[in-house]
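User: I keep running into labels for parts of a protein and I'd like to see where they come from. Can we go through a few?

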Amino acid sequence: MKEASLSDRLQSAGKKMHVPAGKVYGRLQRVKGLCLEASGCRLSTGQRCLIERQDGSALEAEVVGFEGGRLFLMPLEQPANLSSGDWVRPIHTDTRIPVGENLLGRVIDGVGRPLDGKGPLDADDSTSLEGESINPLKRRPIAEPLNVGIRAINSLLTVGKGQRLGLFAGSGVGKSVLLGMMTRYTSAEITVVGLVGERGREVQEFIEHSLGKEGMKRAVVIAAPADSSPVMRLRASRLCHRIAEYFRDQGRDVLLLMDSLTRFAQAQREVALAVGEPPATKGYPPSVFSLLPTLVERAGNGENGQGSMTAFYTVLSEGDDQQDPIADSARAILDGHFVLSRELAESGHYPAIDVEQSISRVMTQVTSDEHQKLARQFRQTLARYNKNSEMVALGAYRKGTDPMIDQSIQMYPAMAGLLQQGIHEAADFQQSLDSLQNLWPNVRRDTRPVQS
């Protein structure tokens, strides 16, 4: 029998051996602001990695771009104590986030870590950060109203289950208080609150004063304050949507409140400018305007057998400019917008919702014809009063000149009473309709909401 050659014996032995593949590490080459550059390893965009500092600690970062053999990384925390040549180790495991009933009443950050000091999250389940998109033809249409506990909204700007709305406001006009009231008084089973890019002081105040103990019992709060890295703010925005999607897919009615969509856009602007994307509109790169609908489209109704996910996004209007590029883009992709007026807030009118500038695009789908008639009559009377109020105040208008103006002057106190609501006052859907009906008692027909 012919003896096997040395090469054959080596090849046979090699097949029997199981040598684990080597781990490929990269090296940190450059730090420029918040953007880190590394080389030596191949990673895909969105993939996570750890930067191992010389003191033994590690900093998690995310790949946001590349050029040739260079990777552009953005850290999740402040990039302190980094040195040239630090090892960059890829993380190949999928990003999993905790979900389940045990999340209710908890406050977490953008990666799912608890911030409330109540110990680790004993979550029932976990899921991927990236949710699956729903075929638009398989989504259930918006056909039922959602009680948000605010009289002005329920009666004049009715919200439907699965609707996406913008809350347009400048600073200091009461948007956080309004969000807290909706959280406490809504008929939705679960509330998910995303506090993205806000001042750290406001996070604690919102939880204690706006939400309160009752609101927290059925709420999940995801917080990424202004001092968080832009990647952390982006992750917090995606995380609050993913948690809301999870509960919706379980058949629950979910109310998502994200404060704010503008801070989300600013975080993406920081990332995009850091990797060299050119600015376009008022300093915002094109990727910002393509990312906004990607995030917003995750809200809405699920398929048959699933629940609903109604979303409110606050949009900061810098200097109360309603033509801000983010505000203008959000107005185009949302199903309605509520404008909070600084003039009303300064006069002590809360919530400071400017009914004339606000609209709910699905109100006609979820309300009766009689309800819509009452709402139109209210709007017309209010507009007539506002148009002539200065003339009345100056004494230039003589009573009896125009019966319609006389009616608006007479009814304005009652109309203003309907629009105003105390912070500890709840108004359910039927109470709101009754208040609207009482203004015009001669219109007493069926004002019940449309049933699906």
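Analyst: Sure, here are some labels and the reasoning behind them, and keep in mind that this is a predicted model.

User: Why are α5 and α6 called oblique to each other?

Analyst: Look at the angle: the axes of α5 (residues 230-249) and α6 (residues 261-274) cross at roughly 140°. Roughly antiparallel needs over 145, and roughly perpendicular covers 65 to 115. The angle fits neither range, so α5 and α6 are oblique. The crossing is also left-handed, and the axes come within 9 Å.

User: Which residues make the contact between α5 and α6?

Analyst: On the α5 side you have P230, V231, R233, L234 and S237. From α6 come R263, F264, A267, Q268, E270 and V271. That set splits into six nonpolar, two polar and three charged residues.

User: What makes K217 count as exposed?

Analyst: Exposed means over 50% relative accessible area. K217 has 56%, so K217 is exposed. You'll find K217 in the loop between α4 (200-216) and β14 (219-224).

User: How do you know that the side chains of K217 and E214 make a polar contact?

Analyst: The cut-off is within 3.5 Å for a pair of N or O atoms. For K217 and E214 the contact is 3.3 Å, so the distance passes.

User: What does K217 touch beyond its neighbours within four places in sequence?

Analyst: Those contacts are L104 and G105. As for R184, K217 is 33 residues away from R184 in sequence and 9.5 Å away in space, C-alpha to C-alpha.

Notes: Residues are numbered from 1 along each chain as its sequence is written. This is a predicted model: local features need pLDDT of at least 70, side-chain atom pairs count only at pLDDT 80 or more; totals for chains, interfaces and linings use all residues. Side-chain values use heavy atoms; hydrogens and water are left out. Axes are lines fitted to C-alpha atoms, for helices over the stretch in contact, and angles run from 0 to 180 degrees between N-to-C directions. Helices (H or I, at least four residues) and strands (E, at least two) are DSSP runs, numbered from the N terminus. Angles under 35 degrees count as roughly parallel, over 145 as roughly antiparallel, 65 to 115 as roughly perpendicular and the rest as oblique. A crossing is left-handed if the near helix is turned anticlockwise from the far one by less than a right angle, and right-handed if clockwise. Contact means heavy atoms within 4.5 Å. Ala, Val, Leu, Ile, Met, Phe, Trp, Tyr, Cys and Pro count as nonpolar, Asp, Glu, Lys and Arg as charged, and the others, Gly among them, as polar. Buried means under 20% relative accessible area, exposed over 50%, partly exposed in between (1.4 Å probe, protein chains only). A polar contact is a pair of N or O atoms within 3.5 Å; within protein, one must be able to donate a hydrogen and the other to accept it, and residues adjacent in sequence count only if both atoms are side-chain atoms.
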